[in-house]
Amino acid sequence: MKYIPTIGIECHVQLKTKTKLFSEVDNDARGKEPNSCVSPVCYALPGMLPRLNGEAIRLAILAGRAMNCEINPVSRFDRKHYFYPDSPKGFQITQFYQPIIGPGYVELPSGVKIRIEHAHLEGDAGKLTHFDTYSLVDLNRVDTPLIEIVSMPDIHSSKDAHDYCKELWRLMCHAGVTYGDLYNGNMRFDINVSIAPEGAKELGTRAEVKNLNSFKAVERAVEYEIKRQSKLLDAGEKVVQETRGWDDGAGKTTGQRSKEEAKDYRYMPEPDLPPINLSSEFIEEEASKLPLMPSDYRKKFKKIIREDIIEILLDYPELMRKIEELSQSGKESQLTAISNLFVSVLLAEEKSVEYLNDLPSAKDLIELSEMNEKKELSSTATKEVFLRLFDPQMKGRGAKNIAKELGLIQENDLGALEEIVDIVLAKPETKKAQDDFRAGEEKVIGFLVGQVMKESKGKANPSAVQDILRKKLA
Amino acid sequence: MMKIANKKVSAERLVRDALEKAKHFSDYNIFTFLNEEGALKKAREIDEKIKRGEEVGRLAGVPYALKDNFLSLEGESTASAHILEGFTSPITATAVKKLEDEGAIMIGRTNMDAFAHGSSTENSYFGPTLNAFDKERVAGGSSGGSAVAVALDIVEFATGTDTGGSIRQPASFNGVYGLKPTYGCISRYGVVAMASSTDCVGFFTKTPEDMDLLMSITAGRDPKDMTTLPDYYNADTDTGSDDSRLVPARPSSRGSGTHSAPVVADGRESSDFRARVGVIKDFDNTSVNAEIRDALKSKIEFLKSRGHEIIELDMPSLKYALSVYYIIVPAEVASNLSRYDGVRYGLRSKDSSNLDKLYENTRSEGFMPENKRRIMIGNFVLSSGFYDAYFLKAAKARTLIVEEYAKAFSDCDFILSPVSPSPAFKLGEKVNDPVAMYLEDVMSVSLNLAGVPGLTIPVGKTKDGLPIGLQIVGPRRSDKRLIEFSKELRDE
């Protein structure tokens with residue numbers, strides 16, 4: 001039988017605030033000792049009270065607007081209770097009843113729109129590492145601000161699930177609300193998958209797969225679930241509503257907890273935090289700080305930059321913003337050229353990630369592409385100078401100076417070129433080639449151009465040289 | 001409290017006296033920890049300062065007692081609970097810090113019902129504290145130790161917390177002043193939480209003047225407690241915009257004689273200010289002990305004779321207050337006590353074979369029966385499927401109570417009522433009857449639900465010599481006027 005899959009996705013995004021959501025302690029634990037970014041509030045000493053980080057509110061507004069969502073003027077926090085050593089308070093502070101971000105939508109590159117149900121702010125939990133006879137607790141991640149984005153069940157294929165997650169990631173990175181480091185769990189996805197026979201009015205029973213941390217894993221887990229559930233239904237069995245885990249190595253989901261075993265979180269309004277009241281002026285002022293979003297870039301550069309190049313650039317907000325900056329002063333042909341250099345040269349470099357944080361100035365990049373357009377630089381030389389622009393030791397010296405220092409500027413002065421051509425033509429070893437060419441052997445022109453290039457120590461512009469040679473040998 | 005500044009006596013003398021008295025009364029089981037070394041050291045430092053002519057704080061050298069649920073660096077901050085045994089705090093509560101910045105000296109931590117769950121201090125891991133006037137009777141609770149420490153004149157004042165009457169009831173049982181301020185007036189940071197939406201920090205004192213001084217020192221916004229209000233207490237003008245009628249408080253006046261004049265309006269001594277004092281009809285019923293009713297009646301007559309107006313109030317929602325309280329408070333209690341799991345500090349049960357056992361054993365051993373009762377009620381009312389029927393309904397009823405108080409205070413300035421249905425009861429009398437124990441709070445809990453301030457004032461004794469207290473209640477942020485008005489009720 002043919003089944004239609006229906007998928008909803010919950011995504012947790014860690015916000016890149018300086019301090020944690022509920023206390024003034026470092027929120028960036030990357031490379032730090034376990035339990036070194038922990039305040040008495042995170043540690044849940046007796047008598048400790050949460051204090052809300054205003055920066056997280058600002059980032060939530062940006063994140064919401066990036067997804068075309070309403071921002072709720074009044075939102076509140078609630079307590080979600082469970083016992084586990086990763087939760088020192090015995091509850092997570094979240095927004096269950098009145099979230100800060102209301103309905104909106106995300107548009108995929110394909111044009112498909114996925115509606116957002118809501119998104120809410122909450123504190124992250126700590127991390128446990130299990131050993132044979134003991135477990136270690138690291139509370140560095142406790143109360144790192146998260147927004148949890150809940151989609152409507154608008155997704156119907158593994159590809160759209162993949163594209164939705166990727167587009168969310170891009171939106172959050174472009175909005176500047178997260179470091180977006182998937183490997184370190186900055187964004188994590190839970191997928192809800194159900195299938196129903198084509199034409200059925202009701203949705204099937206869903207299974208939830210939790211804690212996926214790559215787009216590929218999302219895509220594979222959806223595919224696996226569709227297959228697993230189809231097999232069950234084909235065999236006349238039922239899908240059980242349950243929470244499943246993903247084994248990336250085996251490429252399988254496995255049952256963890258059924259609905260009957262589901263926890264009762266005993267939600268309760270958080271009495272230690274007053275409601276968040278946002279004036280429309282404040283919301284608008286903060287929302288106005290939202291930079292261009294992927295859809296804006298796609299629209300703007302549609303006719304200038306190849307679609308596949310734009311899609312790659314969108315994965316690197318720094319590069320996309322640089323192209324945007326270049327568009328203020330550069331010509332369209334230059335934008336095209338520099339976009340191509342970014343994708344084919346810079347991103348091919350091993351160190352490209354390091355370079356992203358400190359890109360060359362727009363002036364340098366435009367100067368470089370002008371030199372290329374004027375044929376002062378060959379395409380090989382252009383690539384070489386381009387890479388030098390990222391070199392910390394070369395930075396700020398300018399494309400022209402770097403090209404000069406490296407002796408890469410092409411000789412375009414026709415007078416000077418003619419002199420060199422004359423020298424070459426006077427050499428006895430070129431005599432035979434000249435004769436052959438005059439006799440109609442077209443391909444020896446390459447040999448002659450090469451001789452001139454050699455004489456010029458590579459600085460001559462080869463096409464200009466060919467023009468002169470043809471004239472002289474005519 | 002001004003003895004030190006007058007330089008008549010040294011801080012060290014005062015502290016030594018207080019510590020001696022504390023030891024003398026050790027059979028009352030008032031203190032869970034005596035801060036002998038620390039207090040004497042501090043006293044000597046203050047004496048040195050005075051000798052050098054340096055400025056000292058408004059409470060310089062004043063010995064005080066700290067309820068065991070305030071975090072302080074000295075001693076173990078256990079909230080008289082087994083599960084916090086061995087916990088030494090790296091943090092000082094904001095209220096404690098403000099007192100100590102003014103030179104107050106903590107001589108000991110006082111006994112209480114574990115986690116403030118109780119009305120008699122019998123639920124303490126350290127055993128009950130005895131009543132200051134009758135050793136066979138309870139101190140009241142949960143701040144029993146603090147009330148008795150002040151009543152026996154061991155200290156000048158003591159801190160308390162009031163979630164449903166825990167300051168006002170023991171104050172009335174021991175014949176001292178006890179204030180539960182407006183919710184949010186004093187920071188809760190560093191105070192072991194019972195129920196976040198009703199917990200209030202307050203004090204026990206021997207005079208209204210001392211109460212005023214302590215309030216002026218500790219009131220105000222604390223960035224570490226987002227539920228605190230701006231400092232309206234020390235503001236020049238009454239900022240209680242939600243209050244019905246403004247009765248500007250008189251500038252703080254300590255010393256003798258001032259209370260012989262009626263309450264003052266517009267900051268001037270005046271004999272023609274007339275307060276409208278509300279009396280709730282339902283409270284004058286048979287459930288209240290006859291001697292307390294008589295005391296209330298005689299105060300009403302006294303006020304009338306002074307020219308104040310008495311207004312009968314109909315407050316029908318108040319009869320639901322206890323039920324509402326015993327849904328909302330246990331819910332918050334269950335939540336706030338979740339952190340005591342044996343993983344990070346305090347008690348950890350030995351020989352637990354796995355994580356669930358560790359939780360189970362630690363919490364079974366560490367909590368008192370009353371703690372467990374409230375945790376179970378709280379978790380029940382929050383369970384999915386029951387939330388709407390219990391917690392949500394109680395939250396709605398709470399709004400009605402808030403509105404009823406607001407309405408009452410549009411008709412009157414203060415409400416005068418009993419604090420508890422009876423004077424101090426016998427030790428063990430209600431221990432096995434939780435509902436009878438909960439009924440102790442029937443007149444006090446509505447204030448906590450509404451967030452309004454209430455002050456217990458001692459008004460006399462029963463035939464058996466037990467203290468009787470009444471409470472005066474005011475609108476939110478009327479704390480200062482409340483304290484002022486209590487002077488009007490003081491017997492000559």
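**Group meeting: Asp341(B), a helix pair and the chain contact**

Asp341(B) is buried, because 25 other C-beta atoms lie within 10 Å; buried is 20 or more such atoms within 10 Å of the residue's own, exposed is 12 or fewer, partly exposed is in between, and C-beta atoms are placed from the backbone.

Before I go on, this is a predicted model, where local features need pLDDT of at least 70 and side-chain atom pairs count only at pLDDT 80 or more, while totals for chains, interfaces and linings use all residues. Residues are numbered from 1 along each chain as its sequence is written, and chains are lettered from A and ligands numbered from 1 in the order in which they are written.

Back to Asp341(B), which sits in the loop between α8 (321–336) and α9 (355–366) of chain B. Helices here are DSSP runs of H or I, at least four residues, numbered from the N terminus. Leaving aside neighbours within four places in sequence, Asp341(B) is in contact with Phe83(A), Gly90(A), Tyr359(B) and Thr362(B). Contact means C-beta atoms, placed from the backbone, within 7 Å.

In total, 24 residues of chain A are in contact with 32 residues of chain B. The chain A side divides into 15 nonpolar, 3 polar and 6 charged. Nonpolar is Ala, Val, Leu, Ile, Met, Phe, Trp, Tyr, Cys and Pro; charged is Asp, Glu, Lys and Arg; the others, Gly among them, are polar.

Next, the helix pair. In chain A, α8 (residues 332–346) and α10 (residues 362–373) pack at about 100 degrees, with axes 10 Å apart. Axes are lines fitted to C-alpha atoms over the stretch in contact, and angles run from 0 to 180 degrees between N-to-C directions. The contact of α8(A) with α10(A) has 4 nonpolar, 3 polar and no charged residues.

How values were computed: Helices (H or I, at least four residues) and strands (E, at least two) are DSSP runs, numbered from the N terminus. Two residues are in contact if their C-beta atoms, placed from the backbone, lie within 7 Å.
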